[in-house]
Amino acid sequence: MPNEAFGHSQSHSHPPAGEADVAYRGFATKAIRTGQSPCVATGATIVPVYQTATFTQEGVGVTKGFDYSRSGNPTRLALERQLAVLEGARFGSAFGSGMAAVAGVAALLSQGDHIVATRDLYGGTHRLFSDVLTRYGITTTFADLCDTAAARAAIRPNTKLIWIETPSNPLLRVTDIRAIAALKAPGRVVAVDNTFATPFWQRPLELGADVVMHSTTKYLCGHSDVVGGIVITDDQALHEQIAFHQNAVGAVPGPWDAYLTLRGVKTLAVRMREHERNARAIAAWLETRGDVATVYYPGLASHPHHELAKRQMRGFGGIISLRVRGGGQRALEFARRLRIFNLATSLGGVESLVCSPTAMTHASVPAARKEELGITDDLLRLSVGIEDLDDLVADLSRALDATLFLAEREAAVA
Ligand SMILES: *Cc1c(COP(=O)(O)O)cnc(C)c1O
């Protein structure tokens, strides 16, 4: 029976913010409260898992706003409202994975359209744009969007989508969202993959983007136990097209996954503060190690886009990439010897992870492009979790020390 999500005539149309929602000013309050009023029928404080495929109608077409769970489900709607509000928008469409969400944005395009996308972006997005959309007559130019002139030069009359990933994966390069959003034109949408930053640190719609996409698998869910995605916009016409695609293709999350994500997002603010506190300290510590060649973290003064990151983001997040001395062999040996950091793809969970982008997350990117981008086998990416900082530093320190001989061997050869 009814949660507040009930009582709306169209399962796709989201209600305007309720009176109570207006009182939700701060980020944490919104995350914990929006879309989550007590059930009017039972008083249940927590939005239930509406584990149902269908909804019984009193008469033909007489519904309480839901008729079939592909088209709309109350648990999913609560998640969509919660995340939309966190990005400062009215509309969200949840998907069964981050990639399904990227495809949901791409569904705004038609045959003959063109995309300009960040060069060093998530491997799966690269694959979708290069190997799937091309079969439907949609082409992509990958450009260095950190260079606004290069972005402008890549635009063609048929460019309908500019796809920004910032900070980028895995090199954490920062794109000036406001500068790229200025390249908009009628019918040309600017979308931002905000997975790394989360709305806690960065709100692209406030900077002029039209659409925000997340892999909710990462920080939003935050516990590495769900694969999911979402597309958020404040533009009703865009939302209607994306929601139409969501229902037509049916790439929706189940109620249980929506529930776990909704639950995870409630603690986003506290988790992000802890992720960042640990990451800042670890990045600074790694920079003091002579056997680490480069540390990539937008919060470091040495990062080439540090000033832009400070302007555009409220904080720098929990992802660090590093290049170890000693090449690929040492990188893999170091990763293997870590005891707390799990050697695993993914990021954004409470537990720390390490991965080799070239072999793992970016395996689907052609070798020549990876080389060109600097995604080489000495590069590792850390997703810094919220365990105790001392334990994390001790783990990294032990594994670096244990593999120091490989760096020394390389130095001797050179
Ligand atoms: C993980 C990720 C995706 C894809 O999301 P899935 O949930 O794995 O489908 C897209 N973009 C970024 C930046 C990611 O990290």
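Where does Pro 170 lie? In this predicted model, the place to look is the loop between S4 and H7. Residues are numbered from 1 along each chain as its sequence is written. Because the model is predicted, local features need pLDDT of at least 70, side-chain atom pairs count only at pLDDT 80 or more, and totals for chains, interfaces and linings use all residues, while side-chain values use heavy atoms and leave out hydrogens and water.

Back to that loop, which runs between strand S4 (159-165) and helix H7 (177-181). Helices here are DSSP runs of H or I with at least four residues, strands are runs of E with at least two, and the numbering goes from the N terminus. Pro 170 is joined to Asn 169 by a cis peptide bond, with omega at about 5 degrees. Pro 167 sits in this loop too, and a cis peptide bond links it to Thr 166, with omega at about -10 degrees. Leu 172 is another resident of the loop, and it has a positive phi of about 60 degrees although it is not a glycine. What makes these spots worth a look is that most residues other than glycine have a negative phi, and most peptide bonds are trans. Leu 172 is also buried, at a relative accessible area of 2% (buried means under 20%, exposed over 50%, and partly exposed in between, using a 1.4 Å probe and protein chains only).

Thr 198 also has a positive phi, about 65 degrees, without being a glycine. This residue belongs to helix H8 (residues 198-201). With a relative accessible area of 1%, Thr 198 counts as buried. Leaving aside residues up to four places away in sequence, Thr 198 touches His 214, Tyr 219, Leu 220, Leu 268 and Met 272 (contact means heavy atoms within 4.5 Å).

Ala 363 makes a handy contrast. Its place is the loop between S11 and helix H14 (367-373), and it is partly exposed, with a relative accessible area of 46%. Again not counting residues up to four places away in sequence, Ala 363 touches Pro 357, Thr 358 and Lys 370. From Ala 363 to Thr 198 there are 165 residues in sequence and 25 Å in space, C-alpha to C-alpha.

Next comes the ligand. Of the 15 residues around it, Met 99, Asp 193, Ser 215, Thr 217 and Lys 218 come nearest (a residue is near if one of its heavy atoms lies within 4 Å). Oxygen atoms of the ligand have partners at short range: a backbone N or O atom of Gly 98 at 2.9 Å, a polar side-chain atom of Ser 215 at 2.8 Å, and a side-chain N or O atom of Lys 218 at 2.7 Å. The protein covers 92% of the 380 Å² of accessible area that the ligand has on its own (areas come from the Shrake-Rupley method with a 1.4 Å probe). Helix H4 (98-106) and strand S6 (211-215) are the elements giving two or more residues to the shell.

Finally, there is an open sheet of 5 strands, ordered S8-S9-S12-S11-S10, with mixed pairing (two strands pair if DSSP finds at least two bridges between them). Strand S8 (292-296) and strand S10 (342-343) are the edges, each pairing on one side only. Strand S11 (residues 353-355) pairs with strand S12 (residues 379-383) in the antiparallel sense over 3 bridges. Leu 353 has Ser 383 in S12 as its bridge partner.

Terms used:
Polar contact = N/O pair within 3.5 Å; in protein donor to acceptor, adjacent residues only side chain to side chain.
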